[in-house]
Amino acid sequence: MTTIDTTAITVELPEAFDERWSRLPGIQVDGRRITIDPAEYFFRFESHTWLVADWELVKSRLLDVDETTESAVEQLALDFIKAHGESTWDAARVLATAYEVYAYLFRDEHLAGLGLPKITAEHLRMLREAATLMALNKVELDGHISNVGPCWFFPAATSVVFDLDDEMGRMLDEVYHGGWFNEHRRIESIKAHAALGGRLVHGCQSVPDQSGGVIAPYGASMANFRDDLAAFKAGWIEQVYAHRVTPAA
């Protein structure tokens, strides 16, 4: 584990999180209040600055803007970040912004169009919570992955926290992946993630393999990202699964 700052991260969010997040090391949940001990929570924590933009600005100036033949949605997002992005040391601000992003991306109205009848509003809540915490992960412009927490390994973390079996964990991951494969949702995702200073990238194939997702700055080296991810993931996934709670006989 690499860490540079042991100051506790505390945030109060609009929605109470599941108390079972406290099964993972370094995180405590008390209703809407979340406290993270970086030294315990992160596998790697080398950077404690993030790029964010005001969510209200994203809503008013970006979400309803359509791409054109001259300006693709990615360019719209990049231009917005250049104009409105701010560097912050405040991890609570990152989490609060991420909560707004994922409350929008995983809203209940998507259920009807998912084609996955086993996925419920409760599962979307799980996605909102996990993705909010994932926003503290970080990739640098050179592709080096500087911050890695348990939620990088999405199916593993959600199985530990929400007692999901492997099938449901994979199905939840498929909904998460839908932001890459469903074009309407992908466009929504690109715009919304401008609030977190980049775009959502992952290292998986279409079948989830725990290669996770992170908000990466536009221009980050994906070749270095891929190599760094491959080097660390197996051992850390095993550590996340070690916190699974065995049901009483």
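**View 1. Strand 4 sits in antiparallel pairings with two other strands.** Four bridges join strand 2 (residues 9–12) to strand 4, and the two run antiparallel. Strands pair here if DSSP finds at least two bridges between them; strands are DSSP runs of E with at least two residues, helices are runs of H or I with at least four, and both are numbered from the N terminus. This is a predicted model, where local features need pLDDT of at least 70 and side-chain atom pairs count only at pLDDT 80 or more, while totals for chains, interfaces and linings use all residues. Residues are numbered from 1 along each chain as its sequence is written, and side-chain values use heavy atoms, with hydrogens and water left out. Strand 3 (residues 27–30) is also antiparallel to strand 4, again through four bridges. Look for Ile34 in strand 4: Val11 stands opposite it, and so does Val29. Strands 3 and 4 make a hairpin with two residues in between, and Gly31 in that turn has a positive phi of about 65 degrees.

**View 2. The two faces of strand 4.** In a regular strand the side chains alternate between the two faces of the sheet. In strand 4 (residues 33–36), Ile34 and Ile36 make up the covered face, while Arg33 and Thr35 are on the uncovered one.

**View 3. Helix 5 is mostly covered.** Of its 14 residues, 12 are buried, meaning under 20% relative accessible area (exposed is over 50%, partly exposed in between; 1.4 Å probe, protein chains only). Among the buried ones are His123, Leu124, Met126 and Leu127. The end C-alpha atoms of helix 5 are 20 Å apart, in agreement with the 20 Å expected at 1.5 Å a residue; that expected span is 1.5 Å times one less than the number of residues.

**View 4. Charged partners on helix 5.** Glu129 and Arg125 form a salt bridge, with their closest N and O atoms 2.4 Å apart; the term means a side-chain nitrogen of Lys or Arg within 4 Å of a carboxyl oxygen of Asp or Glu. The two are four residues apart in helix 5, so about one helical turn separates them. Glu129 is buried at 0% relative accessible area, and Arg125 is buried too, at 14%. Salt bridges with shared partners join both of them with Asp18, Arg20, Arg23, Glu122 and Asp163 in one network.

**View 5. Two long-range salt bridges.** Arg128 and Glu15 meet through their side chains at 3.3 Å, N to O. Arg128 is in helix 5 and Glu15 in the loop between strand 2 and strand 3, so this pair ties together parts 113 residues apart in sequence. Arg128 is buried at 11%, and Glu15 counts as buried at 16%. The other pair is Glu74 and Arg186, with closest N and O atoms 2.8 Å apart. Here Glu74 in helix 3 (residues 73–84) is linked to Arg186 in helix 8 (residues 183–192), 112 residues away. Glu74 is partly exposed at 27%, as is Arg186 at 21%.

**View 6. Asn137 is tucked into a loop.** Find Asn137 between helix 5 (121–134) and strand 8 (138–139). Asn137 is buried, with a relative accessible area of 3%. Its side chain reaches the backbone nitrogen of Gly149 at 2.8 Å. Beyond its neighbours within four places in sequence, Asn137 is in contact (heavy atoms within 4.5 Å) with residues including Trp50, Cys151, Trp152 and Val214.

Definitions and conventions
Polar contact = N/O pair within 3.5 Å; in protein donor to acceptor, adjacent residues only side chain to side chain.
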